[in-house]
Amino acid sequence: IANLRWAPAGMPGVSTAPVEGDMARGASHFYLRYDTGLVTPVHHHSPDHYVTVVSGTIVLTVDGKEHRLSPGSFFALTNKAKHAARVEGSEPCVMSIDARAAWDVVPEEAAAPR
């Protein structure tokens, strides 16, 4: 991981490092780093993707249920699963991502008040 080329991912506290493929055009493998204390809003990704936590601890909330994931943990987000995440502890969270199509981040809009 020390020789990866990290680049800002367009959201404060989030960086990516490509390994294989082109994230913007199709299937790819890359590392995703969330800074210490990062909390994401609820969002989804269009491609199915499979994730292994490399370092740090992330709390992933899917369908209202929290999943605390430490190094070595694996999870899959498929069918545009809505989720939010937060980094716990005193170190950034680094994850290895296997995305099956072009990568995107789609914010979930809050329901309009009636």
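Let's start with Ser28, which sits in strand β3, the stretch covering residues 28-34. What we have here is a predicted model, so please hear every value today as computed from it. Is Ser28 buried or exposed? The relative accessibility of Ser28 comes out at 2%, and with the cut-off for buried set at under 20%, Ser28 counts as buried. And which residues does Ser28 touch, once we set aside those up to four places away in sequence? There are two runs of partners: Glu20, Gly21, Asp22 and Met23, and then Ile97, Asp98 and Ala99.

One of those partners, Asp98, is worth a stop. Its side chain meets that of Arg100 in a salt bridge, with 2.9 Å from N to O. Asp98 has a relative accessibility of 18%, so Asp98 falls in the buried class too. So for anyone keeping track, Asp98 is both a contact of Ser28 and a salt-bridge partner of Arg100.

Now, how many salt bridges does the structure hold? The count is 6. Let me walk you through a couple more of them. Arg68 and Glu88 pair up through their side chains at 2.7 Å, N to O. This one links distant parts of the chain: Arg68 belongs to strand β7, residues 65-69, while Glu88 belongs to strand β9, residues 83-88, and the two are 20 residues apart. Glu88 is partly exposed, at 26% relative accessible area.

Next comes Glu108 with Lys82, where the closest N and O atoms are 3.9 Å apart. Glu108 is in the segment after β11 and Lys82 is in the loop between β8 and β9, so this salt bridge ties together parts that lie 26 residues apart in sequence. Glu108 is partly exposed as well, with a relative accessible area of 24%. And before we leave the charges, there is a network here: Glu66, Arg68, Arg86 and Glu88 are joined into one by salt bridges that share partners.

Staying with charge for a moment, the protein chain carries 10 positive and 12 negative side chains. How far apart are the centres of the two sets? They lie 2 Å apart.

Let me come back to serines, with Ser73 this time. Where is Ser73 found? Ser73 is in the loop between β7 and β8. At 17% relative accessibility, Ser73 counts as buried. Leaving out neighbours within four places in sequence, Ser73 is in contact with Val51, Thr52 and Val53. As for Val54, its C-alpha atom is 8.1 Å from that of Ser73, and the two residues are 19 apart along the chain.

Now let's zoom out to the whole chain. The protein chain has 11 strands and 0 helices. Why do we call the chain as compact as a globular protein of its length? Its radius of gyration is 14 Å, close to the 13 Å that the globule rule gives for 114 residues, so the description fits. Along the principal axes, the C-alpha trace spans about 50 × 35 × 25 Å.

On burial, 37% of the 114 residues count as buried. The chain exposes about 6700 Å², and carbon and sulfur atoms supply 52% of that area. Finally, a number for the contact-map fans: among contacts between residues at least 6 apart in sequence, 64% join residues at least 24 apart.

Technical notes: Residues numbered from 1 in each chain as written. Predicted model: local features only at pLDDT ≥ 70, side-chain atom pairs only at ≥ 80, totals over all residues. Heavy atoms only, no water. Helix = DSSP H or I, 4+ residues; strand = E, 2+ residues; numbered from the N terminus. Rg over C-alpha atoms; globule rule 2.2 N^0.38 Å. Buried < 20%, exposed > 50% of the residue type's maximum accessible area, 1.4 Å probe, protein only. Contact = heavy atoms within 4.5 Å. Areas by Shrake-Rupley, 256 points an atom, 1.4 Å probe, with all protein chains shown as cover. Lys, Arg positive; Asp, Glu negative; His and termini not counted. Charge placed at Lys NZ, Arg CZ, Asp CG, Glu CD. Salt bridge = Lys/Arg side-chain N within 4 Å of Asp/Glu carboxyl O.
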